[in-house]
Amino acid sequence: LAGARLGIHIDLYESHYGQYQQDIIDPTSRLYAFGPDVVILAVHEGDLRLPEYSPNPEEDVRQEVGRWTALWNVAAERSRARVVQHNFALPCEVSAGHLATRLPGSRYMMTQAVNARLGEAAGNAVSLVDCERLSALIGKQRWYDPRYWNLSKQAVAFDALPLLARHTAAVIGAD
């Protein structure tokens, strides 16, 4: 619906739950058989492979950014699709509380660093939807609802989906 409002016709292929990486890596996957114009990595903070605390945050951030950019590169090599990625909305509750902002090795600080470095790495080749900004705009407590996560592994609350859809469609439409 958000795409239609912008004049974008959408035929959708959706990977099975948790299988987007396999679809990108496998050159014979249904993703590539579908022949997409756009590949959207609609991911969330839980998809990050970062510890709650790291004694070596620079290395962990580097590896995580490398993992995402490698997926971008494979998708670009195997299709003519434009890659659009949702960046990572920081959770409203963090185990270290306010202290997390002072600990470079906290997951909170590393997630911020991953978002920043993905922005730098994207250049003109990849478009990003700033979910961190959108979650702050609508309110962190409205962005994530644990009920939806526990029922259906839906990382974004129903109330926040229209905002996310409008902004994702706008990013797609801007390309």
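**Note on helix packing and aromatic pairs in the model**

1. Leu164 is buried, with a relative accessible area of 8%, and its place in this predicted model is in helix α9. Leaving aside residues up to four places away in sequence, Leu164 touches His86, Val129, Cys131, Leu134, Trp143 and Val156. With one of these, Trp143, the C-alpha to C-alpha distance is 9.6 Å, although Leu164 and Trp143 are 21 residues apart in sequence.

2. Leu164 also takes part in the packing of two helices, since Cys131, Arg133, Leu134, Leu137 and Ile138 in α6 meet Leu163, Leu164 and His167 in α9. Helix α6, which covers residues 131–138, packs with α9 at an angle of about 140°, and the two axes are 11 Å apart. That angle makes α6 oblique to α9, because only angles over 145 degrees would count as roughly antiparallel. The crossing of α6 and α9 is right-handed.

3. Leu134, one of the α6 residues in that contact, can also be set against a position in helix α1, where Arg5 lies. The C-alpha atoms of Arg5 and Leu134 are separated by 20 Å, and the two residues are 129 apart along the chain. Arg5 itself is exposed, with a relative accessible area of 65%.

4. A second helix pair deserves a careful look, namely α4 (residues 57–78) and α5 (residues 107–122), whose axes come within 9 Å and cross at roughly 40°. The two helices are therefore oblique to each other, and α4 passes α5 in a right-handed crossing. On the α4 side the contact is made by Pro57, Glu58, Asp60, Val61, Arg62, Glu64, Val65, Trp68, Thr69 and Trp72, while α5 supplies Met110, Ala113, Val114, Arg117, Leu118, Ala121 and Ala122.

5. Gln63 is likewise found in helix α4, and at 46% relative accessibility Gln63 counts as partly exposed. Between the C-alpha atoms of Gln63 and Ala116 the separation is 14 Å, for two residues that are 53 apart along the chain. Trp68, which is among the α4 residues that make the contact with α5, also belongs to an aromatic cluster that it forms with Tyr20 and Phe88.

6. Turning to the aromatic rings, the count comes to four aromatic pairs. The rings of Tyr13 and Phe34 have their centres 6.0 Å apart and their planes at 35°, so this pair is tilted: the angle is neither under 30 degrees, as stacking would need, nor over 60, as an edge-to-face pair would need. The pair links distant parts of the chain, with Tyr13 in the loop between α1 (2–5) and α2 (20–25) and Phe34 in helix α3 (residues 30–34), 21 residues apart. Tyr13 is buried, with a relative accessible area of 19%, whereas Phe34 is partly exposed, with a relative accessible area of 36%.

7. Another pair is formed by Tyr148 and Phe158, whose ring centres are 4.4 Å apart and whose planes stand at 75°, so the pair is edge-to-face. This pair, too, links distant parts of the chain: Tyr148 is in helix α8 (residues 146–152) and Phe158 is in the loop between α8 and α9 (161–174), ten residues apart. Phe158 is partly exposed, with a relative accessible area of 45%. The ring of Tyr148 has a further partner, as the charged end of Arg147 sits over this ring, 5.6 Å from its centre.

8. Two more residues of the loop between α8 and α9 are worth noting, namely Lys153 and Gln154. The phi angle of Lys153 is near 55°, which is a positive value in a residue other than glycine, and at 39% relative accessibility Lys153 counts as partly exposed. Gln154, by contrast, counts as buried at 19% relative accessibility, a value that falls under the 20% limit for that class. When residues up to four places away in sequence are not counted, Gln154 touches Tyr148, Trp149 and Leu161, and Tyr148 is the residue whose ring pairs with that of Phe158.

Terms used. Residues are numbered from 1 along each chain as its sequence is written. This is a predicted model: local features need pLDDT of at least 70, side-chain atom pairs count only at pLDDT 80 or more; totals for chains, interfaces and linings use all residues. Side-chain values use heavy atoms; hydrogens and water are left out. Rings of Phe, Tyr and Trp (its six-membered ring) pair if their centres lie within 6.5 Å; planes under 30 degrees apart count as stacked, over 60 as edge-to-face and the rest as tilted. Helices (H or I, at least four residues) and strands (E, at least two) are DSSP runs, numbered from the N terminus. Buried means under 20% relative accessible area, exposed over 50%, partly exposed in between (1.4 Å probe, protein chains only). A charge sits over a ring if NZ of Lys or CZ of Arg is within 6 Å of the ring centre and within 35 degrees of the ring normal. Axes are lines fitted to C-alpha atoms, for helices over the stretch in contact, and angles run from 0 to 180 degrees between N-to-C directions. Angles under 35 degrees count as roughly parallel, over 145 as roughly antiparallel, 65 to 115 as roughly perpendicular and the rest as oblique. A crossing is left-handed if the near helix is turned anticlockwise from the far one by less than a right angle, and right-handed if clockwise. Contact means heavy atoms within 4.5 Å.
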